Structure formats: C-alpha cells, structure tokens
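Good morning, and thank you for coming. I should like to guide you through one structure, beginning with a pair of packed helices and ending with single residues.

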Amino acid sequence: MRPPESNPQVESAFAPLQQSATPVERLPLACWLNVLSLDAVFVALLWQFVFILSFCGRTPRWYESFVLASVVWLIYVADRLLDGSRLDLSRPHLVRHRMHHQFASVWVMAWIVVLLIASSVVVLWMDAAVIRMGLLVAASVLAYGAGVHFWPGRAAVRHVLAKEVQVGAIFAAGVSLISWLEAPSVSLGLACVASALLFTVNCWAVAERESVADQNYDASRAGKPRRELVATSGVAVFAAIGGFAGWLPWLVVVCLVGGSTALFATSCCWRWQGKALTEWSRWASSADVRLPCFDRWVPMADWSLIISPLICWAIV
C-alpha cells in the first residue's frame, strides 16, 4: 500500500516544536492508557452504565459490559494497526502509531485472542435480539473502516462525512445498544444525538491537538478554532433544557453537562498552553527514523468524558 502523501502544513507546523522539545524516557501513565486503547474502553463502559441505568432502570450485566469493552478495544486496535501499517518513520508520528507499527505481530495475536473470547461470550450469553442489533452497528464499523482506510481518494470521503463524526455516531450507538432494545423512546433518541455530538467534539479536539504529528490528519479541516467551543456549549444548553423540560433523565443530563463543561475547559486550557509535543526517547533515532511524539495533555479530553459518569457510578 502506498504511504500517505507528504503534508507540508503539518511538517512546517511541527518544525519549531521539534527544536524546543526535550526527549523523555518515561511515558506518563495517562498516555499509556491511550496507547493501549484502554481510555476509550473506560469511556464506553461508563456511558453504557449511564444509558442502561437511566432508561432500563438497572445496571449492566457483566457480559454486556465485557462484550462492549472487547468490541471497542478491537475496533480501536484494528484502526491503529491500519494506521501503523502506513506509517512513515521519517516524518513526525505519534507514539501509539509507532507502537502498533513496531509491535504489529504482538498486537495482532492479542487482537485474535480477545476476538475469540468475546465471540464465545456473545454466543453463550447474549440474546439473539442483541446480536442482530449488534450486527447493524458492526456493519457501520466496517463501512467506516472501508471509507477511512481503503476507499480511493480518502480525502474526498472524509470531506463528505468526517472521520470524527462517524466515530461519535458509532460510539453513541454502541453504548446505547442495550437501551434501544429494552426501552426505545424519543428521549433515548435525543440522548443518543447529544452524546454522539459530545463524542464527536472529543474526537475533534484530540485530532486538532495532535495534528502536527498525526500523519492521518486531514489538514483541509483545520482552521475552525470555535467549533469545539460552540458544540460543547450547545450540548450543555440542550441537556439543561432537556432536563427541565422532562425530555432527558437527570443522570444523562448531569453527564452531558459535566462532560461538555469539562471538554470546554479542556479546549480553553489547550489554547492557553499551546501545542507542546514531546519526543519519547525509548527508541533509537536516525536521519531516516524520527522519535515518536506524544502530548501529555491529550488524555484530558477522554477524562472529560470519564469524570461525570464515574462520579455517578460511585454514588449509585
């Protein structure tokens, strides 16, 4: 497969950071969660808890949570393996992509093991209706993967429906899947739309923050500094109105308002801090191989989605 074409805008933006960055030996724990795709798993589990408790009046069963966690991990790892397979080590790149490029065989073996275990749990414990609905979500994941990784002229596809929007919608569908089967309603639909937008904003913020080292970043979508701020404000206002009007359960309202407020604060903090990528000196570098980069502030975006549901989970 042909490697992605050079992005002058990304490389020129990264150049001054390279001069001021000091390589470090240790990767922060929060960044390890991102590299191992565990941050997305935590977000999915907590928001599944919020949806099932709010609309079904119960907590998730162990196999429902296990299958969701496994599927989310499998999707993220597969996506990063595909990104890593096209990685150009002579250009700026992220630690997570380098990790999946460098240890692809280990990741593939782990991926197969998790897939077999998750499939066994689905066959033995999940209801047939859940499996049928899950197949629809799986089809949307395959369509996403085909459009993002294999479609000719991928930039044109992303221009029609951005990668971040697809991820946000699929993520919301996954965490609300059980709720749709047990308690479908207009209120649930509104909650799904609001949470999908919140997840999309999270993806926008991370993509923009890491743009100077992400070789898959679509630079044509840059230059929208107020997008995340407007979207997070909109989610918070909509959730508050929905709560007082009785459209949304209050647990969903609290998590939407808390998540959007935390993301708003994160975006403001990032703009105040500026982009500051750090090189990880664990691997040797040369004229043809750069050190991978990470941003110690990026995990704030996922923790913005974790804190409110986590507090609610602890209280309940």
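Helix 13 and helix 14 cross in the right-handed sense; a crossing is left-handed if the near helix is turned anticlockwise from the far one by less than a right angle, and right-handed if clockwise. Helices here are DSSP runs of H or I with at least four residues, strands are runs of E with at least two, and both are numbered from the N terminus. Before going on, I must state that this is a predicted model, in which local features need pLDDT of at least 70 and side-chain atom pairs count only at pLDDT 80 or more, while totals for chains, interfaces and linings use all residues. Residues are numbered from 1 along each chain as its sequence is written, and side-chain values use heavy atoms, with hydrogens and water left out.

How are two packed helices described? By the angle between their axes and the distance between the axes. For helix 13, residues 250-273, and helix 14, residues 299-315, the axes come within 8 Å and cross at roughly 150°. Axes are lines fitted to C-alpha atoms, for helices over the stretch in contact, and angles run from 0 to 180 degrees between N-to-C directions. The two helices, 13 and 14, are therefore roughly antiparallel to each other. On this scale, angles under 35 degrees count as roughly parallel, over 145 as roughly antiparallel, 65 to 115 as roughly perpendicular, and the rest as oblique.

Each of these helices offers a residue to look at. Isoleucine 306 belongs to helix 14, and with a relative accessible area of 4% it is buried. Buried means under 20% relative accessible area, exposed over 50%, and partly exposed in between, with a 1.4 Å probe and protein chains only. Between isoleucine 306 and glycine 259 there are 7.6 Å in space, C-alpha to C-alpha, although they are 47 residues apart in sequence. Cysteine 255 sits in helix 13 and is buried, at 0% relative accessible area. Its C-alpha atom is separated by 9.1 Å from that of alanine 239, 16 residues away along the chain.

Just as instructive is the loop between helix 12 (227-245) and helix 13, where leucine 248 is placed. Leucine 248 counts as buried, because its relative accessibility is 4%. It is 10 residues from phenylalanine 238 in sequence and 9.8 Å from it in space, C-alpha to C-alpha.

A second helix pair deserves attention. The axes of helix 3 (residues 38-56) and helix 11 (residues 186-209) come within 12 Å and cross at roughly 160°. That makes helix 3 roughly antiparallel to helix 11, and this crossing is right-handed. In the loop between helix 2 (29-35) and helix 3 we find serine 37. Its phi is near 65°, a positive value in a residue other than glycine. Is serine 37 buried or exposed? At 0% relative accessibility, serine 37 counts as buried.

I turn now to charged side chains. How many salt bridges does a search of the whole structure find? The search finds 10, a salt bridge being a side-chain nitrogen of Lys or Arg within 4 Å of a carboxyl oxygen of Asp or Glu. One of them joins aspartate 295 and arginine 209, at 2.5 Å from N to O. This pair links distant parts of the chain, 86 residues apart: aspartate 295 is in the loop between strand 2 (293-294) and helix 14, and arginine 209 is in helix 11. Both of these residues, aspartate 295 and arginine 209, are buried.

Elsewhere, Arg58, Arg61, Glu64 and Glu182 are linked in a network of salt bridges. Within this network, the closest N and O atoms of arginine 58 and glutamate 64 are 3.0 Å apart, and arginine 61 meets glutamate 64 at 3.2 Å, N to O. Arginine 58 is buried at 16% relative accessible area, as is glutamate 64 at 6%, whereas arginine 61 counts as partly exposed at 36%.

Finally, let us consider the surface. Trp62, Phe66, Val113, Ile117, Val123, Leu124 and Trp125 make a nonpolar surface patch of about 730 Å². Such patches are made of residues with over 30% relative accessible area and no salt bridge, with like charges joined within 9 Å and nonpolar side chains (Val, Leu, Ile, Met, Phe, Trp, Tyr) within 5 Å. Helix 6 gives the most to this patch, with five residues. One residue of helix 6 is valine 113, which counts as partly exposed at 45% relative accessibility. Thank you for your attention.

Methods. Accessible areas come from the Shrake-Rupley method with a 1.4 Å probe; for residues, only the protein chains shown count as cover.
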